[in-house]
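Me: I would like to go through this structure by question and answer, with the reasoning set out before each result.
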Protein chains: 2
Amino acid sequence: VSRSLKVAVVGATGAVGQALISILDSRKFPVAELLPFASKRSVGREISFQGRTSICRVLTPGCFDNVDLAFFDASDAVSQEWVPQAILSGAWVVDNSAAFRMDPKVPLVVPEVNGSHLTESDRLLAGPNCSTVQLVVALKSLSDRWGLKRVVVSTYKITRGAGIEAMAELSSQTLARLSGQAADSKAFVHPIAFNCIPQIGSFKNDYTGEETKIMEESRKILGLPELKITATAIRVPTLHCHGESVNVECMTPFKISDVRQAWTEQAGLVIQDDPSSSVYPMGIDAVGKDYVGVGRIRRDESVDNGLNFWVVSDNLRKGAALNAVQIGESVLQWIQAKPKKI
Amino acid sequence: VSRSLKVAVVGATGAVGQALISILDSRKFPVAELLPFASKRSVGREISFQGRTSICRVLTPGCFDNVDLAFFDASDAVSQEWVPQAILSGAWVVDNSAAFRMDPKVPLVVPEVNGSHLTESDRLLAGPNCSTVQLVVALKSLSDRWGLKRVVVSTYKITRGAGIEAMAELSSQTLARLSGQAADSKAFVHPIAFNCIPQIGSFKNDYTGEETKIMEESRKILGLPELKITATAIRVPTLHCHGESVNVECMTPFKISDVRQAWTEQAGLVIQDDPSSSVYPMGIDAVGKDYVGVGRIRRDESVDNGLNFWVVSDNLRKGAALNAVQIGESVLQWIQAKPKKI
């Protein structure tokens with residue numbers, strides 16, 4: 001049984017929303033009708049999809065009627081207000097905001113890591129922070145095989161993660177700096193051109209929102225509520241893909257060759273690790289790709305069962321839009337397995 | 001007794017050499033005569049210093065005759081060949097190359113950390129890798145007071161650290177990228193514009209030269225040959241100052257307030273840590289400054305006695321030239337304490 005779905009995309013004109021619509025197309029997701037939603041300033045904007053044009057509209061009561069599947073790629077506030085309405089209308093929801101991620105009743109999903117736990121009764125499925133996704137894809141195999149005693153992660157997060165305006169600001173500030181002029185900062189509290197900013201999100205205690213998300217979401221997705229993990233999140237002046245320097249203490253001894261083998265078998269992960277040829281994951285290579293790249297794989301001799309590695313992934317794809325579509329593909333299976341509503 | 005010295009600067013036209021000459025001036029180092037040495041292509045270039053002009057020359061046998069103090073800011077190969085000759089000529093040498101750093105007979109010096117161990121019989125004094133300097137200035141107080149059980153560091157190293165050509169390449173590549181053009185990579189094996197490169201130096205086993213330097217040099221400077229430390233060094237597309245995300249396990253329990261107090265008393269270190277006002281160390285603030293800035297100070301709950309922090313320093317100043325001049329100031333004291341040669 002195969003049927004096409006009525007699919008809503010909330011935040012259709014944002015960077016993630018646009019990537020999501022493109023990925024729905026390239027993965028041949030069976031969309032009968034696409035309903036793009038956006039903020040007031042984008043109302044009326046045309047979205048091309050599979051040869052047809054859809055017009056962006058604002059969210060209104062009843063707008064999710066007959067929608068099978070709604071992707072939310074907008075703010076936490078939008079999700080908080082409108083996700084419950086989409087569910088009441090009978091839709092499945094894949095929410096990429098942080099609004100429901102840590103709700104114990106809501107699965108937080110990276111399909112390759114914990115997708116097999118999902119059931120059809122999960123109407124609301126949350127996608128994690130982009131930095132979390134690429135981390136847990138790499139940690140999963142280590143956790144399964146050797147156990148995770150402790151994880152220390154430092155992130156190299158791109159400017160684009162803060163939105164299209166932030167990206168434009170990086171470009172304009174960079175041009176200004178190169179020509180010796182001053183440039184205002186609007187998207188960030190500090191200039192980002194040729195600078196690293198050790199703050200992503202607002203502070204909760206002494207950790208930033210981003211750091212807290214990485215720690216809490218990793219525990220939830222890996223099913224390890226007591227996982228010892230600490231994170232430092234740094235914004236760097238790049239345009240595509242996040243990097244993460246990861247240090248892991250495993251519970252039990254491993255061989256590096258076995259780690260490589262385990263990662264070779266891990267869906268969603270690609271090993272890029274040939275130091276002698278200067279091969280390792282980099283943002284300029286990973287942009288537009290679906291994988292999480294792992295490299296610089298080496299034993300950390302400073303602790304028992306220690307491992308260092310470097311992961312890079314396209315934050316818009318596996319970090320957000322692709323991951324959401326992959327979750328949507330689970331929903332698709334459930335819907336297609338059911339007799340069609342009359 | 002005060003007397004002025006005949007001072008040689010090898011690598012006088014390089015970024016570190018130029019910063020060093022400027023710092024000798026601003027710290028009123030008593031220079032009777034400045035001898036700038038450079039490679040062939042810079043021969044004849046004029047160096048202004050304290051109102052006089054010196055002409056760059058190449059190194060030749062006997063060129064260090066009557067030199068009191070020689071700073072080397074050139075390649076490892078130049079130091080390997082010429083440092084011994086400078087010492088045979090009777091000069092004290094401060095060498096910023098890696099040529100002699102790990103020689104057990106040569107002190108590797110960050111004055112605020114281990115400068116008190118120096119004696120007049122130390123004719124050759126090495127300055128560490130720039131990434132090492134800012135790390136050990138922060139680790140010193142922790143080591144003294146609570147002991148270091150283990151250190152995990154990830155670096156955010158600027159492009160300039162790879163030389164003036166690398167900096168120019170970052171600028172030209174960045175402009176090309178912003179205007180949608182391709183750009184060649186010469187200074188690095190991969191493009192650096194808007195990219196992070198997880199390789200600095202060539203690989204030794206699975207660690208890069210840079211990572212090995214950070215680990216080995218930190219052990220030597222802190223006087224902890226068995227220190228458990230691991231490093232990941234990443235090149236980021238910035239122009240000024242290195243950043244480092246540092247995770248430390250101390251041997252004994254600490255209060256964060258005591259860590260702050262210890263760092264307040266640490267020479268060379270400045271605490272910049274007020275998250276509520278978005279105050280933390282950043283390269284755009286630290287450029288041209290003499291301090292190592294430390295911020296994002298917070299307990300790491302993933303391990304006993306765990307601490308996370310972020311350090312930033314100007315790689316040309318405390319990371320290289322300033323540190324060398326400070327070492328030179330020790331030599332100055334020894335020389336001034338002696339009766340003048342006849």
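**Aromatic pairs, interface and local sites**

Me: How many aromatic pairs are there over all chains?

Reply: The model is a predicted one, and the answer comes from a search of the whole structure. Over all chains, the number of aromatic pairs found by that search is 13.

Me: Which kind of pair do Phe64(A) and Phe72(A) form, and is Phe64(A) buried or exposed?

Reply: The ring centres of Phe64(A) and Phe72(A) are 5.7 Å apart, and the planes make an angle of 35°. Because planes under 30 degrees apart count as stacked and those over 60 as edge-to-face, this pair falls into the remaining class and is tilted. Phe72(A) has a relative accessibility of 0% and counts as buried, while Phe64(A), at a relative accessible area of 1%, is likewise buried.

Me: What is the geometry of the pair formed by Tyr156(A) and Tyr156(B)?

Reply: A pair of aromatic rings is described by the distance of the centres and the angle of the planes. For Tyr156(A) and Tyr156(B) the centres lie 3.8 Å apart and the planes are at 10°. Planes under 30 degrees apart count as stacked, and therefore the pair of Tyr156(A) and Tyr156(B) is stacked.

Me: Where do the two partners of this pair, Tyr156(A) and Tyr156(B), sit?

Reply: The relative accessible area is 0% for Tyr156(A), which is buried, and 0% for Tyr156(B), which is also buried. The pair crosses between chains, with Tyr156(A) in a strand of chain A and Tyr156(B) in a strand of chain B, and in each chain that element is strand β8 (residues 148–157).

Me: Which residues are linked by ring pairs into a cluster?

Reply: The cluster includes Tyr156(A) and Tyr156(B), the residues whose rings are stacked across the two chains. Taken as a whole, the cluster linked by ring pairs consists of Tyr156(A), Tyr156(B), Trp310(A) and Trp310(B).

Me: Which residue lies over the face of Trp92(A), and which over the face of Trp92(B)?

Reply: In chain A the residue over the face of Trp92(A) is at 3.8 Å from the ring centre, and in chain B the residue over Trp92(B) is at 3.7 Å from the ring centre. The residues asked for are Arg123(A) and Arg123(B).

Me: How are the two copies related?

Reply: Two copies of a chain are related by a rotation about an axis and a shift along it. Here chain B can be laid on chain A, with an RMSD of 0.1 Å, by a turn of 180° and a shift of 0.0 Å along the axis. The copies are therefore related as by a two-fold rotation axis.

Me: What area do chain B and chain A bury between them?

Reply: The contact takes 55 residues from chain A and 55 residues from chain B. Of the area buried between the chains, 58% is on carbon and sulfur atoms, and the total is about 4800 Å².

Me: Which three residues of chain B supply more than any other three of the area that it buries against chain A?

Reply: These three residues supply 13% of the area that chain B buries against chain A. One of them is Tyr156(B), whose ring is stacked with that of Tyr156(A). The full set is Arg150(B), Tyr156(B) and Phe194(B).

Me: What ipTM does the predictor give the complex?

Reply: For chain A, the average pLDDT is 94, and 97% of the residues score at least 70. For the complex, the predictor gives a pTM of 0.95 and an ipTM of 0.94.

Me: Is Gly288(A) buried or partly exposed, and which residues is it in contact with, leaving aside its neighbours within four places in sequence?

Reply: Gly288(A) is placed in the loop between α8 (283–286) and β14 (292–300) of chain A. Because buried means under 20% relative accessible area and exposed over 50%, Gly288(A), at 42% relative accessibility, counts as partly exposed. Leaving aside its neighbours within four places in sequence, Gly288(A) is in contact with Asp314(A) and Arg317(A).

Me: Where is Lys28(B), and what is its phi?

Reply: Lys28(B) is found in the loop between α1 (15–26) and β2 (31–37) of chain B, and at 69% relative accessibility it counts as exposed. Although Lys28(B) is not a glycine, its phi is positive, at about 55°.

Technical notes
Residues numbered from 1 in each chain as written. Chains lettered and ligands numbered in written order. Predicted model: local features only at pLDDT ≥ 70, side-chain atom pairs only at ≥ 80, totals over all residues. Heavy atoms only, no water. Phe/Tyr/Trp six-rings, centres within 6.5 Å; stacked < 30°, edge-to-face > 60°. Buried < 20%, exposed > 50% of the residue type's maximum accessible area, 1.4 Å probe, protein only. Helix = DSSP H or I, 4+ residues; strand = E, 2+ residues; numbered from the N terminus. Lys NZ or Arg CZ within 6 Å of the ring centre and 35° of its normal. Least-squares fit on C-alpha atoms with pLDDT ≥ 70 in both. pLDDT = per-residue confidence, 0-100. Contact = heavy atoms within 4.5 Å. Buried area = accessible area lost by both parts, 1.4 Å probe.
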